Amino acid sequence: MASSSSPSPLNSNEGFADKRIAVAARLTSLIPRIVALTAILVLGSATISFAAQGQFSAQPTSNEVEVAPTKLVTVPDVRGQAYVFAKGTLEEAGFAWRVVGSVQGYPANSVASQTPAAGTRIVDTGMPTIQLGLSKNGGYSQEGTPENASPYAGTAIRFLLRRAKPKPSVKPKAATKPKPDAKPKAKPTPVAKPKPKPKPAAKPKPKPAPKPQASRRPDFAVAGAPTEPLDEITLPDRARGLQRWLGAHPKPTNANVRHWLYQHEWIVTGARFGWWHGAEALEILIRVDRQAQRQWQLGKKSEAAASRALSAARAKSQ
């Protein structure tokens, strides 16, 4: 009886074999899942690396500095000019001005220095302000109220700054040693080319003779006053031109007001210097000022200045 109740060795071996077969079958069923998971991980890492590579390659690698397009203007040279003429040069070129130093802005004084220097390229900020240093004209009496700044507001001076691009470093090339058996090549004999025949020099065209300018006798003499420039129109013609111009410009824009003030001051100053037919020009100018008051609602001060200059010109012409 005891022998029949103990387990048989054969039965225990069969049970162990069955367990091994079950484990192997279970592992075999998991292999496709492991392969699929591995493939997903490989593809995901490749996508991330490709995206990172594209992101970094999109960054700029150049050392260039982009500069926005900027309008530049050139500072005119007004040194040596009478202050009244220098103001006209600056106004026509689109600049404002301001007098610096001890000498005041009287019309007959001369421009001794300017800042920035003539020929400087600066940024067009609207009406860049040029600083003028004047020298006193000893022959002209410094009377009245000097004009030490432009009659319109100026803007700041700005210089264009450019950053230099770094030059790429160039590695020196290694010197190549000539081969010991290499023979120097003979240079070909140069063939002389026939010299071209010189073309006959063109005869310069004769320049037209300049037209003789009519002399403009001053109405009266003013000590130290500059001579009336003959390459400019006469004062009466300038006043008539201003009258026509005002009729074609009904709105008092900043540019229109600057032009009117510049022409107005030129006529008044020239008449005070005794230039030809200054009183006639002032009479026209006063009518222009009254037209500006009706049209632009400004010009009373300018009319008063022209009236005072007219009274002085008539008194000195007698």
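1. What covers the buried residues of α3? In this predicted model, the cover over the buried residues of that helix includes β2, β3, β5 and α5. Since 8 of the 11 residues of α3 are buried, the helix is largely enclosed by the rest of the structure. The buried residues of α3 are Y83, V84, F85, A86, K87, G88, L90 and E91, a list that takes in the charged side chains of K87 and E91. Just after the helix, G94 takes a positive phi of about 90°.

2. For orientation, the protein has 7 helices and 5 strands, and these follow one another along the sequence in the pattern α-α-β-α-β-β-β-β-α-α-α-α. Of the 318 residues in the protein, 28% are buried. When contacts between residues at least 6 apart in sequence are considered, 77% of them join residues at least 24 apart.

3. The sheet on which α3 packs deserves a point of its own. It is an open sheet of 3 strands, with the order β2-β5-β3 and mixed pairing. The strands β2 (96-100) and β3 (110-115) stand at the edges, and because each has a single partner strand, one side of each is left without a neighbour in the sheet. Neighbouring strands are turned by 40° against each other on average, if direction is ignored. Between β3 and β5 (residues 129-135) the pairing is antiparallel and runs over 5 bridges; within β5, G133 is the bridge partner of S113. Helix α3 (residues 83-93) touches β2, β3 and β5 as it packs on this sheet, and the direction of the helix makes about 145° with that of β2.

4. T89 is a residue of helix α3 that does not appear among the buried ones. How exposed is T89? Its relative accessibility is 28%, and because the partly exposed class lies between 20% and 50%, T89 counts as partly exposed. Leaving out residues up to four places away in sequence, T89 touches P76, V78 and Q81. A further residue to look at beside these is D77, which is 12 residues from T89 in sequence, with a C-alpha to C-alpha separation of 8.7 Å in space.

5. The model contains 1 cavity of 30 Å³ or more, and the volume of the largest cavity is about 40 Å³. Which residues line the largest cavity? They are V84, K87, G88, Y262, E265 and W266, with α3 and α5 each supplying at least two residues of the lining. By class, the lining of this cavity has 3 nonpolar, 1 polar and 2 charged residues. Three of the names in the lining, V84, K87 and G88, are also found among the buried residues of α3, and α5 is one of the elements that cover those buried residues.

6. Helix α5 also holds Q263. Is this residue buried or exposed? With a relative accessibility of 10%, Q263 counts as buried, because the cut-off for that class is under 20%. Apart from neighbours within four places in sequence, Q263 is in contact with R238 and L242.

7. The largest pocket holds about 1000 Å³ of space and is lined by 32 residues, of which T145, V268, R272, A305 and R308 lie nearest its centre. The elements that give two or more residues to this lining are α5 (254-272) and α7 (300-317). By class, the lining has 16 nonpolar, 8 polar and 8 charged residues. Helix α5 therefore contributes to the lining of the largest pocket as well as to that of the largest cavity, by the rule that lining residues have an atom within 4 Å of a point.

8. The second largest pocket has a volume of about 180 Å³. Its lining is made up of 13 residues, and those nearest the centre are P218, P226, T227, E228 and W275. By class, 10 of the lining residues are nonpolar, 1 is polar and 2 are charged.

Note on methods: Residues are numbered from 1 along each chain as its sequence is written. This is a predicted model: local features need pLDDT of at least 70, side-chain atom pairs count only at pLDDT 80 or more; totals for chains, interfaces and linings use all residues. Side-chain values use heavy atoms; hydrogens and water are left out. On a 1 Å grid over the protein atoms alone, a cavity is a set of points where a 1.4 Å probe fits but cannot get out, and a pocket is an open set with protein on both sides within 12 Å along at least five of seven lines; lining residues have an atom within 4 Å of a point. Grid points are joined across faces, edges and corners, and a volume is the space filled by probe spheres set on the points. Helices (H or I, at least four residues) and strands (E, at least two) are DSSP runs, numbered from the N terminus. Two strands pair if DSSP finds at least two bridges between them. Axes are lines fitted to C-alpha atoms, for helices over the stretch in contact, and angles run from 0 to 180 degrees between N-to-C directions. Contact means heavy atoms within 4.5 Å. Buried means under 20% relative accessible area, exposed over 50%, partly exposed in between (1.4 Å probe, protein chains only).
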